[in-house]
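This report describes a single protein chain, passing from individual residues to strand pairing and then to the chain as a whole.

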Amino acid sequence: MDKIVYRRSLAFWKAMGSLMFVLICLFLLLLIFIDEDISALQIFFFITSAIVGLPFFGSYLVVCLSRMLRKDTYLFIFDEHSISDGIRTIPWSAITKVEFEGASIRKWLRPRFPAFIFHLNDRSTWEVSTDYVLNDMELNHAGKQLRTLINQHGKSKKKRS
């Protein structure tokens with residue numbers, strides 16, 4: 001079986017970057033109570049920054065730590081019959097196409113991580129988040145590799161009449 005893997009070191013450094021921003025947000029909140037000469041505008045700025053920063057960077061910190069601590073460092077495992085993310089296994093013949101969707105922000109400022117979206121024959125989708133653990137070059141390579149595999153093993157051939 002072949003795999004599309006990520007580097008654990010990349011997940012570690014991204015977790016450390018997120019931890020730094022979480023600590024900065026906590027420090028801003030702490031300044032409100034420590035600094036006696038703080039203005040109302042600064043208090044508003046510090047609280048707003050913490051409200052936005054803690055859920056955004058905190059959720060990414062949790063995701064990166066979980067990726068870093070996993071035993072296996074793969075996004076996908078595949079062979080000539082199927083592809084799996086370790087949770088769900090889909091046969092190639094059930095996949096019509098794959099797309100990559102970039103990051104965005106959802107309701108309540110929760111980040112939506114980049115993901116590969118597999119469109120299935122039954123018109124449903126299967127989404128596998130990359131959690132930013134692949135760099136741009138690795139994402140492009142993985143996308144091309146998945147499209148090639150779908151063309152080789154998937155897409156049931158339509159009969160011409």
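Beyond its neighbours within four places in sequence, His153 is in contact with Glu80, Trp92 and Ser93, contact meaning heavy atoms within 4.5 Å. His153 belongs to helix α3, which covers residues 136-153. Helices (DSSP runs of H or I, at least four residues) and strands (runs of E, at least two) are numbered from the N terminus. With a relative accessible area of 30%, His153 is partly exposed. On this scale buried means under 20% relative accessible area, exposed means over 50%, and partly exposed lies in between, with a 1.4 Å probe and protein chains only. Phe27 lies 126 residues from His153 along the chain, and the C-alpha atoms of the two are separated by 53 Å.

The model is predicted: local features need pLDDT of at least 70, side-chain atom pairs count only at pLDDT 80 or more, and totals for chains, interfaces and linings use all residues. Residues are numbered from 1 along each chain as its sequence is written, and side-chain values use heavy atoms, with hydrogens and water left out.

A second helical residue is Gly58, found in helix α2 (residues 40-69). Gly58 counts as buried because its relative accessibility is 19%. Not counting residues up to four places away in sequence, Gly58 touches Val22 and Gly53. Between Gly58 and Ser84, which are 26 residues apart in sequence, the C-alpha to C-alpha distance is 28 Å.

**Strand pairing around β8**

Which strands pair with β8, and in what sense? Strand β8 (residues 115-120) runs antiparallel to β9 and is joined to it by 5 bridges. Strand β5 (residues 95-101) also pairs with β8 in the antiparallel sense, over 6 bridges. Two strands are taken to pair if DSSP finds at least two bridges between them. Three residue pairs that stand opposite each other are listed below.

| Residue in β8 | Residue opposite | Strand of the opposite residue |
|---|---|---|
| His119 | Thr125 | β9 |
| Phe118 | Trp126 | β9 |
| Leu120 | Ile95 | β5 |

Is β8 enclosed or open? Of its 6 residues, 5 are buried, so β8 is largely enclosed by the rest of the structure.

In β9 (residues 125-129) the side chains alternate between two faces. Trp126 and Val128 point to one face and are buried, whereas Thr125, Glu127 and Ser129 point to the other and are not. Trp126, on the buried face, is the residue opposite Phe118, while Thr125, on the other face, is opposite His119.

**Loops with positive phi**

The hairpin of β8 and β9 has 4 residues between the strands. Arg123 lies in this loop, and its phi is near 70°, a positive value in a residue other than glycine. Arg123 is exposed, because its relative accessibility is 80%. Tyr132 lies in the loop between β9 and α3 and, although not a glycine, has a positive phi of about 60°. Its relative accessibility of 31% is why Tyr132 counts as partly exposed. Most residues other than glycine have a negative phi.

**The chain as a whole**

The protein chain has 3 helices and 9 strands. From the N terminus on, these elements run β-α-α-β-β-β-β-β-β-β-β-α.

Along its principal axes the C-alpha trace spans about 80 × 35 × 25 Å. The radius of gyration is 21 Å, whereas a compact globule of 161 residues would have a value near 15 Å. The radius is taken over C-alpha atoms, and the globule rule is 2.2 Å times the number of residues to the power 0.38.

Buried residues make up 35% of the 161 residues. Among contacts with a separation of 6 or more, 60% are between residues 24 or more positions apart.

The accessible surface comes to about 10600 Å², and carbon and sulfur atoms account for 62% of it; the areas come from the Shrake-Rupley method with a 1.4 Å probe. The chain carries 21 positive and 15 negative side chains, and the centres of the two sets lie 11 Å apart. Lys and Arg count as positive and Asp and Glu as negative, with His and the chain ends not counted. Each charge is placed at NZ of Lys, CZ of Arg, CG of Asp or CD of Glu.
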